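Hi there,

Here is the structure I promised to pass on to you. Have a look at it first, and then read my notes below.

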Number of protein chains: 2
Amino acid sequence: MFLDILLAKLRTNKLKQTPKRKAILKLFLDKRCFLSPEEIFVVIKNGFKKASFPSIYRNLDELYKIGILLKVQKPDRRLYYALCTAEDTGHHHHIVCVKCGKIGEFSECLLLNKKKVGGFKILDHFLQLEGICNECS
Amino acid sequence: MFLDILLAKLRTNKLKQTPKRKAILKLFLDKRCFLSPEEIFVVIKNGFKKASFPSIYRNLDELYKIGILLKVQKPDRRLYYALCTAEDTGHHHHIVCVKCGKIGEFSECLLLNKKKVGGFKILDHFLQLEGICNECS
DNA sequence: TAATAAATAGAAACGAGTTCTATATAAGAA
DNA sequence: TTCTTATATAGAACTCGTTTCTATTTATTA
């Protein structure tokens, strides 16, 4: 089962398997879409007696850092997280549909593998794509 | 001259040609890259006795609304604006030196010439590079 | 079961961006 | 030029998503 794989990943990264972490992972497995910290907070608030935003934010960031979640920012200037389905947890980019806002993910880096350009040695890059998804076109 | 065209666009849209608006436009014409409100504020602060963030933000938004500027959001969760180069000649990118802040420009697009990726049809992209310039390395 | 390292809740802080309002100024009219 | 009026401005105060701080609680292991 997929949840077991995620829980194993927690152990591998020395993160405790707390009830709330499990609830967050189950929520992402159930919904299979991008969720904001606020949406997750509401669910946790309903399932437990106590809940706090800092824990939600920290958990989301930790899950992002160990490659379980991916993180994007929508034009509403909020963070959104979703299960990362890329086989490798390495470098990958996202593309946003200009019509429906759906976010696609691809691990293929579109950049030519150049080390130097215009007299500058390239250290890092930020690539943001806009497009139209299959359903909207 | 390009500045005249932009100023005419202000008049067309019934926006006054204030000294600060002119300074902002000149800055974009000079830099030819994405700038944050903060970066613009610093320049305006140096060129005038007074400056305020609300004016910068409102001006950038107005220039964006009448099509003079583009607006994007980078992962640092800040807004960035750049001249809309629709009439401008060639597709080009910028690279910023992480040490001295110098901005390089190159017309060669580093993106693989893909039209579609992950089920999305690519319409537009924004690429910002970071690196080290010749003098700093 | 006890030890301990990590996770939590709650309050407070942070910071980019926005709203409010009185004052200043660009641009057209007299 | 001077006057008039609508727009632009500075500065203070605010918004709100996100982060930091800290005392308490809890999952893990020994």
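Which residue of β6(B) does Asp124(A) stand opposite? The partner is Glu130(B). Their setting is a pair of antiparallel strands, β6 of chain A (residues 120-132) and β6(B), joined by 11 bridges. (Strands pair if DSSP finds at least two bridges between them; helices (H or I, at least four residues) and strands (E, at least two) are DSSP runs, numbered from the N terminus.)

Before you go further, please note that this is a predicted model, in which local features need pLDDT of at least 70 and side-chain atom pairs count only at pLDDT 80 or more, while totals for chains, interfaces and linings use all residues. Residues are numbered from 1 along each chain as its sequence is written, with chains lettered from A and ligands numbered from 1 in the order in which they are written.

Now the two chains: 33 residues of chain A are in contact with 35 of chain B (C-beta atoms, placed from the backbone, within 7 Å). On the chain B side, β6(B) gives the most, with 13 residues. That side has 18 nonpolar, 9 polar and 8 charged residues (Ala, Val, Leu, Ile, Met, Phe, Trp, Tyr, Cys and Pro count as nonpolar, Asp, Glu, Lys and Arg as charged, and the others, Gly among them, as polar).

Finally, the DNA: 23 residues lie around strand C, and among those that come nearest are Ser52(A) and Gln17(B) (near means a C-beta atom, placed from the backbone, within 6 Å). α4(A) supplies the largest share of this surface, 4 residues.

Enjoy exploring!
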